[in-house]
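Work through the following exercises with the sequence and the coordinates at hand, and try each task before reading the solution beneath it.

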Amino acid sequence: MASDTSEVTVGFATALKSLKSDTKSLASNLVLGILAFAGCALVLASSSIPPAVLGAAVAGLAYSAILWLKRGSLRRVNRGRLLATYVSLRVVLAITAAGFYARMVPDSAAWSWAALGLTTIVVLQEPVLKRILGGKRQQCANLPGAATTPRRPFAAGNLTRNTLAIIGLAVALAVFRVPGWILFIVALAQLVPVWRVLKFAFVSLAVSKRNYDRLPDLLKGHKPDFAVYYAALKGAEYQLGMWLPYLERLDRPFVVITKNPATVPVIARLTNAPVVSVMEGAVGALDRLVVPTLQAAYYVQGSPGNAAFQRYRKLTHIWLNHGDSDKEANFHPRHATYDKLFVCGEQGVARYAAHGIDIPREKFELVGRPQVEKIEFRENATVPTSPTVLYAPTWQGGRPSTSYSSLPIGPEIVTALLARGATVVFRPHPLSYGIPADKKQVLKIHDLLRKNAEASGRKHVFGRPAEKDLDVAGCFNLSDALVTDVSSIASEYLASGKPFAMAAITSGGEAFLREFPTAQVAYVIEKDLSTLAPALDGLLGVDPLAAKRAERRRYCLGDVIGPQAAKPFVEASLAIIDGLPAVKSTVP
C-alpha cells in the first residue's frame, strides 16, 4: 500500500511538472511569435532603411531567443530534438531576412528572395521528413542473410541548424551590402544534405520492408536454441552486457529480440549473436520471431513489456535480472510469472519469502554469480596502512522509495577517505550521468580527487580509467576495501573476502539492517554521516565483521566463486535447453 501511494504521489508530481512545463512553453512561443511577426511586418512595410533595421532588430530578438532555448540541441544535434522545431517561426524569420536583404541591397532582391525561398521550402518539409525518419522499421544486426540498413549520413537536426545559420547569415550579409548571389549559392548548398537525408530515409524503409518479409526464414536458418528478450529502452550496455559473455559460453545459437529498434545497434556492439527488433504496430510481428527451434527465453530487466514474450508457453522463461542485491528489483511479485528464477544463492530465494511473495521452491535454480569469476579472493584480508578504497555508488532509481544512491553525500565520504590517506577508485553507476543533480556530484568528486592527486601525489583512479578501461572486477581487484550503497556491487564484493561499507539512504539503524540483510556484514554509514567515522574505523582498521562476511558469502553467492563461478549457470542453462535434469556443481 505504501508503495502504491508513493507511485501515485510521484505520478501526480510528474503530471504537475509537465503542466508547468507546457504552460511555460506556450507562453514563450506566444512571445516569440509576437516578436517575429511584428519584426516581419515592420520590414515588409518599410519604405526606407531605418524602419527595416528596427524590424530586423525586433525579429532578431525572437531569433536570438530560439538560439538560446535550443542551445543544447544545437550543440548536440545527434540527440534528435532539433528537427522540425519552431517551423512557423523560422518561416517568418526567413521572410523577414529576405525582405531586409531586399531593402538593404535592392539590386539583389531577386537573389535574396530566391535564397530565402529555398530555405523556407527546406523548413516546411522538415515535419514530413521527421515523420518518414521516425517511421516504424525492422532493425536487424548480425543476422546472416539480412540486408544491411544504411548508416544515417548525419543527424537530421543539422538541416534545422543550417536554416537558422542561413537566416542569420542573410541579415549579416545584408548589413554589409554583399551581393545576393553569394547568399543564393549558400542556400542552394543546403539542398545537398537534404537530399542525402531523404535518400537515407527511403532506402532504409526499403531495406526494412525486405528484412521484415524475410525475417522468419532467416531465423529458421539460424536455428536459435534460446532467445534473450529485452523490452527496455536504456541500460542495455550494462544490463545485457554483464550476461551476454556467459550466454555465449553456452556455445548454442541464440538471438537477442529487443522491443525497441533504437537499441539494436547498442546491443549489436555487445555480441556477435543476431539482434532483431519487434516491428512495432505490425500484426503478429512477435509471432514471426518465435521459430520452432527455440526452447527458452532469458530476461535481464524487469520491464512489464516482458509479458508480451512470456505468453509463448512452449518456451521456458528464465528470470536472470542484471544484479543480485537487496533492492526491490530482486523480489518483485511479477517474477512469479517466470518458469525459472536463476538466483545466486539461498539469500536470493529468501528475499521473496521475506517480502511475502510466494514462489514454489522448484522454480528457483541456484546458479551462483558468474560475474565474480574474475574477482580475486583474498584469504584473511587485511587493509594496509595506506589503503586503496573503491567508492561505487548506485544511481538514484526510478522513484523515491528506491533512491539508494549515496551521491548526495558522496563528496563528504570521499573527503573522509582522503583524510585517512586512502587512494580512491571512484566508479559511479553509468545512469548517474543522465541525472543532472547526480552528474554534478560525480564531477564534484572528480574535482576533489584531481586536486588531492596534485597535492598528495596519490594516484586516484576515476573517470575513464575507472569506468571504461577497468571493468567492475578490475576495480574490485585494485581495491583493499569498498564503500557502496544497496546494490549488487555489495553482494559481488563478498567474493573478494575484503571488507565493505554501505550507505543507509532510505532508512537507518536496525530498520536498515532488517530491510537489507547484506548490510548486516557491512559497516553502515548513515545518511546524516553520524556513523561515518566509526564505519571507516571498522572498514580500514581491525575489521570485526570478517567472520560474518565469510558466512554470508556462500549464503549470498552460492557454493562456487573464483575461476569456476560460471559453471553452475552453464550447467543449469544447458539442462533446461536440452530438457535434462539440472546438474549441481560444487566446486570448492
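**Exercise 1. The mixed sheet**

In this predicted model, determine the strand order of the open sheet built from eight strands, and then work out which strands stand at its edges.

Solution. The eight strands follow one another in the order β1-β4-β3-β2-β5-β6-β7-β8, and their pairing is mixed. The edges are taken by β1 (140–141) and β8 (364–366), each of which has a single partner strand, so one side of each is left without a neighbour in the sheet. Inside the sheet, β2 and strand β3 (residues 254–258) are joined in the parallel sense over five bridges. To place this pairing at the level of residues, take F226, whose bridge partner in β3 is F254. Both F226 and F254 also belong to a cluster linked by ring pairs, whose other members are W243, Y246, Y298, F342 and F569.

**Exercise 2. The parallel sheet and a helix packed on it**

Describe the open sheet of five strands, and identify the strands that helix α20 touches.

Solution. The order is β10-β9-β11-β12-β13, with parallel pairing. Its edge strands are β10 (423–426) and β13 (523–526), each of them pairing on one side only. With direction ignored, neighbouring strands of this sheet are turned by 20° against each other on average. One of the pairings is that of strand β11 (residues 481–484) with strand β12 (residues 500–504), which runs in the parallel sense over three bridges, and here V483 stands opposite A501 in β12. Helix α20 (residues 532–540) packs on the sheet, where it touches β9 (388–392), β11, β12 and β13, and the direction of the helix makes about 160° with that of β13.

**Exercise 3. Aromatic pairs across the sequence**

How many aromatic pairs does a search of the whole structure find, and how do the geometries of W111–F184 and Y229–F309 have to be classified?

Solution. The search returns 19 aromatic pairs. A pair of aromatic rings is described by the distance of the centres and the angle of the planes. For W111 and F184 these values are 5.4 Å centre to centre and 55° between the planes, and the pair is tilted. W111 lies in helix α5 (residues 109–133) and F184 in helix α7 (residues 180–189), so their pair ties together parts that are 73 residues apart in sequence. With a relative accessibility of 39%, W111 counts as partly exposed.

For Y229 and F309 the centres are 4.9 Å apart and the planes differ by 5°, so the pair falls under the 30 degrees that define stacking. Y229 belongs to strand β2 (residues 226–230) and F309 to helix α12 (residues 307–310), so this contact ties together parts that are 80 residues apart in sequence. Y229 and F309 are both buried.

**Exercise 4. Charges over rings**

Which rings have the charged end of R71 and the residue R288 over them?

Solution. The charged end of R71 sits over the ring of W68, at 3.8 Å from the ring centre. R288, in turn, lies over the face of Y212, where the distance from the ring centre is 3.9 Å.

**Exercise 5. Cysteines without a bond**

How many disulfides does the structure hold, and why is C344 too far from the closest cysteine sulfur for a bond?

Solution. The structure holds zero disulfides. The closest cysteine sulfur to that of C344 is in C556, at 6.1 Å, and because a disulfide requires sulfur atoms within 2.5 Å, this distance is too far for a bond. C344 is buried, with a relative accessible area of 5%, and C40 is buried as well, at 9%.

**Exercise 6. Two positive phi values**

Locate R177 and N321, and decide whether each of them is buried or partly exposed.

Solution. Most residues other than glycine have a negative phi, and most peptide bonds are trans. R177, although not a glycine, has a positive phi of about 60°, and its place is the loop between α6 (157–175) and α7. Its relative accessible area of 43% makes R177 partly exposed. N321 also has a positive phi, near 65°, and lies in the loop between β6 (316–319) and β7 (340–343). At 5% relative accessibility, N321 counts as buried.

Conventions: Residues are numbered from 1 along each chain as its sequence is written. This is a predicted model: local features need pLDDT of at least 70, side-chain atom pairs count only at pLDDT 80 or more; totals for chains, interfaces and linings use all residues. Side-chain values use heavy atoms; hydrogens and water are left out. Rings of Phe, Tyr and Trp (its six-membered ring) pair if their centres lie within 6.5 Å; planes under 30 degrees apart count as stacked, over 60 as edge-to-face and the rest as tilted. Helices (H or I, at least four residues) and strands (E, at least two) are DSSP runs, numbered from the N terminus. Buried means under 20% relative accessible area, exposed over 50%, partly exposed in between (1.4 Å probe, protein chains only). A charge sits over a ring if NZ of Lys or CZ of Arg is within 6 Å of the ring centre and within 35 degrees of the ring normal. Two strands pair if DSSP finds at least two bridges between them. Axes are lines fitted to C-alpha atoms, for helices over the stretch in contact, and angles run from 0 to 180 degrees between N-to-C directions. Contact means heavy atoms within 4.5 Å.
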